[in-house]
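Welcome! Let us take a friendly walk through the charged side chains of this protein.

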Amino acid sequence: MPLKILADEDVDYRIVKELRNKGFEVASVLEDHKSISDKEVLKIAKNKGALLITEDKDFGGWVFAHKENRVGIIFLRYKPVELKKITESLINLLLKYTDSLYKKFTVIKVNKTRIRELP
């Protein structure tokens, strides 16, 4: 089964475009569901069986405070000048771990990745 990805509204479109160019199936909140709440974004990710890629740190609070463990979240932390490097790190992570990222909260920085099991 191909890996499904939902890019949150705040994810730079160049990242979405590069993921698509690499063959990933990427739905975009910005394109399809602009200005919806975080709760609705999580619901869409769960319904699609998709990993949620975001730059919004509030999702960490959501999944840990509400014990929302039926979704995988990848949180990107980078400076604008690191866009190319973070995109490469994200693609490498997705290729290496694939669907084992579901039910995990992953934080990607340019030189560091942390993967945590969701409660």
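Which strand gives the most to the positive patch? Strand β6, covering residues 112-117, does so, with three residues. Please keep in mind that this is a predicted model.

**The positive patch**

The patch lies on the surface and is formed by Lys 57, Arg 77, Lys 109, Lys 112, Arg 114 and Arg 116. One of its members, Lys 109, sits in strand β5, which spans residues 104-109. Lys 109 counts as partly exposed because its relative accessibility is 35%, and partly exposed covers the range between the 20% and 50% cut-offs.

**The salt bridges**

Side chains of opposite charge can pair when their charged atoms come close. How many salt bridges does the count come to? It comes to four salt bridges. The table shows three pairs, including the distance between N and O atoms.

| Positive residue | Negative residue | N to O distance |
|---|---|---|
| Lys 22 | Glu 18 | 4.0 Å |
| Arg 20 | Glu 31 | 2.8 Å |
| Lys 104 | Glu 117 | 3.3 Å |

Let us begin with Glu 18 and Lys 22, whose closest N and O atoms are 4.0 Å apart. Glu 18 is partly exposed because its relative accessible area is 28%. Lys 22, in turn, is exposed, with a relative accessible area of 52%.

Next come Arg 20 and Glu 31, joined by a salt bridge with the closest N and O atoms 2.8 Å apart. This pair links distant parts of the chain: Arg 20 belongs to helix α1 (residues 13-21) and Glu 31 to helix α2 (residues 29-32), with the two 11 residues apart. Arg 20 is partly exposed, having a relative accessible area of 29%. Glu 31 also counts as partly exposed, at 41% relative accessibility.

The strands have a pair too. Lys 104 and Glu 117 meet through their side chains in a salt bridge of 3.3 Å, N to O. Here again distant parts of the chain are linked, since Lys 104 is in strand β5 and Glu 117 in strand β6, 13 residues apart.

Is Lys 104 buried or exposed? Lys 104 counts as buried because its relative accessibility is 17%, and buried means under 20%. Its partner Glu 117 counts as exposed, with a relative accessibility of 55%, as exposed means over 50%.

**Looking back**

Strand β6 thus appears in both parts of this tour: it gives three residues to the positive patch, and it holds Glu 117, the partner of Lys 104 in strand β5.

How values were computed: Residues are numbered from 1 along each chain as its sequence is written. This is a predicted model: local features need pLDDT of at least 70, side-chain atom pairs count only at pLDDT 80 or more; totals for chains, interfaces and linings use all residues. Side-chain values use heavy atoms; hydrogens and water are left out. Patches are made of residues with over 30% relative accessible area and no salt bridge: like charges are joined within 9 Å, nonpolar side chains (Val, Leu, Ile, Met, Phe, Trp, Tyr) within 5 Å. Accessible areas come from the Shrake-Rupley method with a 1.4 Å probe; for residues, only the protein chains shown count as cover. Lys and Arg count as positive and Asp and Glu as negative; His and the chain ends are not counted. The place of a charge is taken as NZ of Lys, CZ of Arg, CG of Asp or CD of Glu. Helices (H or I, at least four residues) and strands (E, at least two) are DSSP runs, numbered from the N terminus. Buried means under 20% relative accessible area, exposed over 50%, partly exposed in between (1.4 Å probe, protein chains only).
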